[in-house]
Amino acid sequence: MTADDLLNSTRRHFLASQGMSLGSLALAWLLHQDHARGAPPKPSLERPHYDLKPKAPPAPPRASSMIALWMQGGPSHIDLFDPKPELNRRHLQNFEGEIKYDNAGQASAKLFGSPWKFQRHGSCGMELSELLPGLGSVADDVTLIRSMKTGVNNHGQSISALNTGRVTRYRPTLGSWLTYALGSESQNLPAYCVLTDPGGIPVLGVETWSSGWLPSLYQGTVIRPKEPRIANLDPPPRFRGTPQRRQLDFLDQINREHMESHPGETDLSARVSTYELAARMQTSAKEALDIGSESPATLKLYGIDDPVTREYGTRCLIARRLVERGVRFVQVCTGNQDWDHHGAITKRLPAMCRKVDKPGAALVFDLKQRGLLDETVVFWGGEMGRLPVVQNEQSIGRDHNTHGFSVWLAGGGFKGGYVHGATDEFGHKAVHDVVTHTDYLATLLHLFGLDHSTLTFNRPGGAGSLVDGQPARVVRELLS
Amino acid sequence: MFGARLSAFRNGMIALIVAATATAVTPTQAAPPDFEREVAPILLNRCLECHSGGEPAGDLDLTTEPSALKGGQSGPVIDRDRPDESLLLQRVVDGEMPPPKHGKSRALPAVERDRLARWLTSGSPWPAGRALDPFEVSTESHGGRDLWSLQPLRRPVVPSLRESANVSNSIDAFIRAPLEVKGWTPAPTADRRTLIRRVQYDLLGFPPSFEEIEAFANDPSTDAYERLVDRLLASPHFGERWARHWLDVARYAETSGYERDQPKPHAWKYRDWVVQAMNQDMPFDQFVMEQLAGDELPEPSESTVTATGFLRLGTWNDEPNDPNEYKYERLEDVVHATSTAFLAMTVKCARCHDHKFDPIRQTDYYRMAAVFWAGPIEPGPRELLGGPTRELLGYDVLGWTDLGPRPSPIHLLKKGEPHRPGPVVEPGQLSMVPALDRPMDPPPPGSKTSKRRLQFARWVVDPANPLTARVWVNRVWQWHFGQGLARSPDNFGFNGERPTHPELLDWLASELIEGGWTTKRLHRLIVLSQTYRQSSIHPRGPEYAREDAGNRAYWRAERRRLDAESLRDALLTASGALDRGAIGGPSFLPEIAPDALEGLSMKDKAWTPSPPEEQSRRALYIHSKRGLLSPFLTTFDVPDTTLPCGQRDVTLVPPQALVLLNDAFVHAQSERLARAILNEEPSPSGQARQAWRRVLGRDPRPDESAAAVAHLAEQASRFADGPGGPRLLALASLCHVLMNCNEFLYVD
C-alpha cells in the first residue's frame, strides 16, 4: 500500500463517516429536545428549520435539475433566433410604428435588417442564424420561444423579472426557490452553483444568485472562473480524516449551544450548514470540478481543444458534472454586459456566439447521450433582445428590447424541435402566444413538480412567492 | 364605421365635459384654473416624459407656450378659437394619451381631464415666459427636484416621548417615537461584555482582551461606558478602522488594473492621509476640499496634495485601444467617484443622455467633467500612470493637479460618443440644486490651475447643498449599524431608498454642520445612544420580526458577521501576533497559497511575500493589487476596487468555511496560540480556559471546559506522531475550533 492509497482510503473512510456525522447531529438535536422538555414551556413560537435534504415536490416532477446558460446583456434575437424577411426587405427605411427605446434621445428610426443568413435545421426545420451552427445541430431537442416579454427596458429590472419574478430588487432568485423547495440530491456539493465568467460578474452582481428574503442557506455559491475554482479544499495533512471530523463535531456542538441563545436566526444556522457542506466538499468538489477524467472526445465536443471555446466549454462541462452529481441549479454566466451590443454589433455578436454556441449545444447533446436530458432543463438566454432599428450609425448597434425576444430551453419536459410564439414582422414586439417572465417561471416550477400559487415562504408581512400573485400561466404548449 | 361611432362618442364626451364645466362656473366667464397649481402638474406628470427634450415624441414639445402652440407632426394641438376641438383634449379624452405602459392604461382621471378642458375653454392661459422643466417634479417613473434628498436641510424638532426612561440623547427620541406609536419597546440594554466587544470592533476593528472586558464589566462607575467610548475614539487604531470604510468608497487600490496592473507609487500615502484625517477628526468639509482640490487650496501642503490621490485611485489603462476615447473613460471614473462618494448621485448615467431617473441633465455630466478637464486626462507617458509630473505636483505623492489654468473647451458628446461632439459646456455644478447654481469664475491672474475643482468642492460643502451632509451622516450611521437610515448609501436619487427616519437623518446632518463638520462628535452621539446600546436579542423578537424582520424600526441591535479585515485582525489578536505598532507606511504583500497564483500571468507568479515580521500587521496594510486581491479577504466579501462601494455584501457560503478550516494562515494562528498557552498552562482545563479567554474573551462554562478537555485528550491520541508533539497539536485543534465558531465570527 502506497502513501497515496492510504490517503485515499482515509478519504473514503472520511466520506463514509459523514453519514454518521449527520446522524450524530440528529442525535444531538434529539437530546436537546429531551433536555428542553424539563424546561418551562416557552411561548409557542415555531422555529422553522431549513436544510438542503432532498424533498419530494407535491406533484410528480419532470425535471430534477437545471442549468441556466445566462447571457447577460441581451442577445439580439433578430440576428440569432427570429428571422424577419420584412425587416430585411425594408433595411434602412424608416420605421413608422412607435418604438419604446431605452432612451428616445439616442434612437434612430432606421430599420436594420439582419446581416446574417438564417437556415433551417433538424427534422423540425427550425430557422436559426448562421451564427449558431452548434444550436442548429441539436435543434430537434430544443424549444425555441420567440415571444418572450418582460416589458421593462432596463437590464437590472428585466434580470430581476426573469430571475426573481418581479422587477423590484432584493428578491430570491429561481435557483434559491428550487433549492428551498426541493433541497439537493447532493449533500456533498452546493445545491446552487454559479460558474462566473473570467470577464466579471453580471451587472446586478451577487444579486443575480441571491436568496433575497429566503434563508441565506439558499444563496448561490460562486465557483471561481480560474483555478483553484474552490480554494482551500485540502486540510493540512495531519488534520485529514478523523482529527478534522472530531473538530467539526466539536465545532458543531459549540455552535449549537450558541444558537440556543440566539433562537430563530437563520444566518447562524446557515453558517453551521456551510461547515457540514464544506467538510463534504473537501473530497467531492475537487472530483466534480476536475475534467481530467473526461474522454478526449468529450473535451473536443465542448470545444475544450480550441482556445476560443475552451474557457466557456470547460464551464459547460463542469455544469454537466455538477448536475450529474445531484446539484439542483447551476448558473453559467457570461461576463458583465457581454451581450449588450449598443454598438459594433457586427463584430461583437459573432465573437460572443463563437464563444458560447458550440459549448451550449454540446451540453444538450452530451446530457442526452448520457440519458440526463430528460430530467435536466437547459436554459439559454438573457434578459432582453434588441430593437430592429439602428442605434448608432457610426458603429451599428441595437438598443434594448424587452417587448419581444427569444430564449431556448431543452430537456426536463420541454418539447424538442418546437418553436413557440412570434414577434411582429420587425421583431419588435411579441404578438403571438406571448410568454411573460411570470409564465416562464410558472412553467419551470411546474416541471419541477411545484405550483407557483402554492410554493410560498412565510415572511414578515405575509407569504412571499416567486410569481407573487401576478398573472402567470403554465405554458403547456411548450411541454412534451 | 366603428371609428366614426367612436369619434362621435368622443365629441359627445367633450361636449359633456365642456358643458359640465360651463355649468360649474359662472356662465359668462369660466374662471381659468390656476396654471401653476392645477395645469402645470398635469403637463409635468402626464405629458413631459415624452413631449420635451431634444427630440420630443411626435415633435410635440409641451414645455413652453410657443412650442405648445406650434404643435407637432399632427398639427397644432391647442386650438384657442375652438378650444373643445383642441387635439390635446381629444387625445386625452380618447384615452389615447398618455399611451398605455406595460399594458396598463394611463388615461387621465376624470378630475384632471376636466381641469384640462376647463383650462382650454378658458383660453389656455400660460404665464408669460414660464418654461416647464420635466425635472421640476417627480413622476411615477422618474425623480425631479422635489426628491426628498434635494430639499433644503432644516433642523427638525426632537420628538417628545411618552416614556423617556432609558433615553440617552435625541437619537433615541427620533427612534423611539415611531416605536411608541406601534406600541413597541426597544430591546433592553446589552450587557457590558457584549457592549465592549461591539463598540471596540466598531471603533477599532479588533476585539478587546479578556482583561479589558473584565475590567469594563466590573467597573462600578456609572460613566464607565462613556469613558470607554472616549478612550476608543482617541485611539490611533480608530483611524485605521474608519479609514477602511472610506477606502471602499474611494475605490482604493494600489495598482492600475488591466493587463500590466502597474503599482501606483505612493498610493499608501493617500491611505495614511485618510487614517490621519479620521484620527484627527478632520472636519468633513475639509476632508472633501482636500480630496477634490488639495492642490488648489490657498496654502497647499504635501498632505493636502496627497489627498488629491482620491482622483488618481481608479483603474488606468496604459494601452487603450483608442486614446481619445479613453480620455472620456477617465473622466467618467473621476465624475463617478466624486458624485457617488460625496453626493450619492449616479451622475455618470447622464454621460450619454439626460438621466433616466434623476434630475441630472446630460449637460450636468459635462459641467462636472469640465471641472476635471484641466487635469492629466490626455494620455501622457506611461511612467506617469495618467498623473501629472512630479515637478508640477510638487511632492512625491500620488496626486492630481491641473496641467494649466485654461484648458481647451469641453464639448458635450452626443450619445456620449467622442466622435460626435455637441455644444461646448462650461464647468459648473449640478443644476439639481438651483439655489447654488451659478457660473464658475475664471481662474485669477497668475493661477497655475483652473480653480474649477476648488469651486466645485466649495459647492459640495456649502451648507446649503442638501446632499453632502445627509450622505455623510448616512454613511456613518450605516457603518455603525449595518444599514443606513437611507438604505442605499450610494444612491439618494429616485431609485434609491427613502430614509426610514428622514427627520433623524436631517437632524444628524444639521448637527454635523452646526458642530463644525466634526465626525467624532457624531460617532460619540451615535454610540452613546440607547439605540446603539440595545441588545441584539429582544424578548418579543419573534413577534416583532414578523412585521419588521429588516429591523427598519431599530427595535434591537443587529448582530453582524465580522467583515474580512476585522476577521483577519481578530485571528491575529487571538494568536497574540497582531502587530499594532506602526500606524501607516507602505503596504505589505501577504503570503498567498501557491494554488491561488496558478492561472495568473507570469508576472503575478513572481509574487514575493513581504518578510514574516510584516505578515502580522493589520489587514488595512495588505497590498491591494487589483489583479490579485487577497483571496482570504475577497472570500469574506471585500469588494471589487473598480467602482466605489458604499456597502459591502455579506454572503454566507461554504468557501468561507473552507478558508477558516484549511487555510494555512488560520492554522498558523491556532498553532501560535496553542504554543503560547502550552508555555503557561500545564493542565488541560487551564489550557481550555486560556483558549476561551484568548479567542472568545470569556471563561468557558463547566460543560464547555469538560468537552474541551475531552477533545484535547482524544486529539492528542490521534496526533501521536505529529510534528510539534501531540499536546501542541491537540491544543491547536481546540483553538482552531474556537476560531471557527459563530460566537467568534459574529458581533452581537
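**Exercise 1. Find which strand shares 4 bridges with β5(A), and say how the two run.**

Solution. Start at strand β5 of chain A and look for its partner: 4 bridges tie it to strand β7 (residues 329–333) of chain A, and the two run parallel. Keep in mind that this is a predicted model. Next, pick out A:Val194; its bridge partner in β7(A) is A:Gln331. Now try strand β6 (residues 221–223) of chain A: here 3 bridges make the link to β5(A), again with the strands parallel. In β6(A), A:Val194 has A:Val222 as its bridge partner.

**Exercise 2. Work out which residues of β5(A) sit on each side, and whether they are buried or exposed.**

Solution. Begin with the rule: side chains in a regular strand alternate between the two faces of the sheet. Then apply it to residues 192–195: A:Tyr192 and A:Val194 lie on one side, A:Cys193 and A:Leu195 on the other. Finally, check the cover: all four names are buried, so both faces of the strand are covered.

**Exercise 3. Explain why A:Asp468 counts as partly exposed.**

Solution. First locate A:Asp468: it's in the segment after β17 (462–465) of chain A. Its relative accessibility is 28%. Buried would need under 20% and exposed over 50%, so A:Asp468 lands in between, as partly exposed. Now look at what it touches: leaving out residues up to four places away in sequence, that's A:Arg166 and A:Arg171.

**Exercise 4. Say what share of chain A is buried.**

Solution. Take the 480 residues of chain A: 60% of them count as buried. For the overall layout, chain A has 12 helices and 17 strands.

Notes:
Residues are numbered from 1 along each chain as its sequence is written. Chains are lettered from A and ligands numbered from 1 in the order in which they are written. This is a predicted model: local features need pLDDT of at least 70, side-chain atom pairs count only at pLDDT 80 or more; totals for chains, interfaces and linings use all residues. Side-chain values use heavy atoms; hydrogens and water are left out. Buried means under 20% relative accessible area, exposed over 50%, partly exposed in between (1.4 Å probe, protein chains only). Two strands pair if DSSP finds at least two bridges between them. Contact means heavy atoms within 4.5 Å.
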